[in-house]
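Colleague: Please show the sequence and the structure, so that we may discuss the ligand site and one residue of the protein.

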Amino acid sequence: MPDIIQLLPDHVANQIAAGEVVQRPASVVKELLENAIDAGATKISVVVKDAGKTLVQVTDNGVGMSTTDARLSFERHATSKIKTAEDLFNLHTKGFRGEALASIAAIAHVELKTKTEEAEIGTKICIEGSTVVSQEAEVVPQGTTIAVKNLFYNIPARRNFLKSNPVETRHIIDEFHRVALAHPQVAFSMVHNGSDVFNLPPSNIRQRIVNIFGSKTNQKLVPVTEETEIVKVNGFVLKPEFARKSRGEQFFFVNDRFIKSPYLHHAVSSAFEGLIRDRMHPGYFLFLEVKPTTIDINIHPTKTEIKFDDEHSIYAMLRSTIKHGLGQFSVAPVLDFNKDSSFDTPYEYSKKSPVLPTIEVDRDFNPFKEGGAKSGGGFTKYKDKSTNWESLYVGLKGELSGSTDETDVTQIEFESEEVTGRLFDTNETDSGQLTFQLQQKYIISPIKSGLMVIHQHLAHQRILYEELLRNMTVKEAVSQQLLFPMEIELSKPDMEILQKVREQLEHTGFHFESFSEEKISISGIPVGLNDSSAGKVLDQLITDIRDEVPDASFSLNDLLAKSMAKSMAVRTGTALNKAEREHLVNRLFACKEPSVSPDNTQVLITLDVTELDKRFM
Ligand code: ADP
Ligand code: MG
């Protein structure tokens, strides 16, 4: 057999390596920013076009490169930052793999302009897909500008895999934040499609945080600081009352490098224990300094994890430092744990004269009646789907109506009927359908073949999800006007996210009176949404959009509807009266897909009499 092994040509090897280093435009931003920092820049500007898909350009005033270095910098494993393997254990720079520029040049059109202090004249190099197309002398200021154009132009599959511009921009801004927060003494600016996004002057950490996240952040910060043999901690946590339901602002930096550490995160969370409510997340900006020899930075290009030699001590130290910091600022007593925990249900209209929403009800629809939904009404669109469900009830009515047991069964209702709000007038819907509630969580209903158990929260999610989607696409949502416009303060990045979905939100019934830099004023909210929970819905929505996991089927409307449905759906633990239960069941079966929640969790189960029979054998 002839020899078959070949060495891959460099440009192919580079393309393969590029896949590891560059996943998206944000990876380019990260690598270029880190190079600029390593070059000792005091001023760095970023220019982005079309979420980085068309252009990412970073200009710095750092040391620059000689003509030879400029050419070499695009070779794989070309780095000025380490010389021996030992250097790996004593890193003071961000880069060290010498892979970034080679990888980027393999999959984009790259233009480099650079000049050192000593050089009279600078160098300009153009590279396309690892091939140098031109190299010439050019008059440029000291420092380096690297423009990366048409990312993935030669790998269409990768280019197609990129997410929508808002999502890619979000990733870019995240990377920008991480580097800008770690280096407050460096001036940063960012321009996207011609408009200024950030302009950050050199400052201290506190000012930098405020410049990025908005002036209201200042009063939320509690400083923490501590120094021991093994670690120096510096930075801020957000006061407990600003903890968010969503993950929000959580930043760890080790030796000025952004890292993710679930372990250290746990240390911070445990310091907040008892100060914030369950499932709320503390915010923090924490800077740790350790001897470079005591950490192991994961060599994988995109990982942001590191390993500490003495993890346990750092954990304990971090926890006590934060506890101490919070104690000093005596932020604990202002908390109110007795806040009504049920205020986030749309069914709660206590202490208000309820202006009842108009709700689409098909009063003729009765799943217990033979051919129930066929009597017309508002849900005919879904008739084909709901007929499956009607058949569950076929014949049941006869069985029940003939018996005097009906009242007895109703007495199984053991939950309180004291619900402050009504979805609609009880008298008007005497559908005769039998339902009761279990553990304020499930709705139980007899069906022809046995028994059906519906998860009330998930069922309501499905209903709201379809309703919201419909409203967003046909634009006919009803809005309830607020007596007094409600103001909500948001950080700049959150504001940006909200701006992008403003139109869709308005289709769901939100009405915004004004959108300023850090504040929105809401004058109308979707029907069915409680005004006290409107803020939470938006907060959750922002997180969901920010944390959106890239997947091919991404649609903003879908995400919006899912997120809002989740926040608005009636919670477990809410008592539902007869009319509300029936209404929920009816609306559920008018849905296109009643059996699963928007997240694909099962909404209901049925228990056959035959299965029951088996249990009694
Ligand atoms: P690494 O950062 O891991 O060394 P890169 O591929 O990112 O690898 O960069 C290769 C080399 O190019 C760097 O080691 C550095 O010497 C040089 N270089 C890259 N960007 C700059 C810059 N903005 N200013 C000066 N030198 C740079
Ligand atoms: Mg680098």
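Modeller: A polar contact is a pair of N or O atoms within 3.5 Å; within protein, one must be able to donate a hydrogen and the other to accept it, and residues adjacent in sequence count only if both atoms are side-chain atoms. This is a predicted model, in which local features need pLDDT of at least 70 and side-chain atom pairs pLDDT 80 or more, while totals for chains, interfaces and linings use all residues. Residues are numbered from 1 along each chain as written, chains are lettered from A and ligands numbered from 1 in written order, and side-chain values use heavy atoms, without hydrogens and water.

Colleague: How far is an oxygen atom of ligand 1 from an N or O atom in the side chain of Lys-81?

Modeller: The side chain of Thr-79 places an N or O atom 2.5 Å from an oxygen atom of ligand 1. A backbone N or O atom of Gly-98 is 2.8 Å from a ligand 1 oxygen. For the side chain of Lys-81, the distance to an oxygen atom of ligand 1 is 2.7 Å.

Colleague: With which residue does the side chain of Glu-168 form a polar contact?

Modeller: Glu-168 belongs to helix α6, residues 165–182 (a DSSP run of H or I, at least four residues, numbered from the N terminus). Its relative accessible area is 0%, so Glu-168 is buried (under 20%, 1.4 Å probe, protein chains only). Beyond four places in sequence, its contacts (heavy atoms within 4.5 Å) include Pro-25, Ala-51 and Leu-162. The side-chain polar contact, at 2.9 Å, is with Arg-24.

Terms used
Helix = DSSP H or I, 4+ residues; strand = E, 2+ residues; numbered from the N terminus. Buried < 20%, exposed > 50% of the residue type's maximum accessible area, 1.4 Å probe, protein only.
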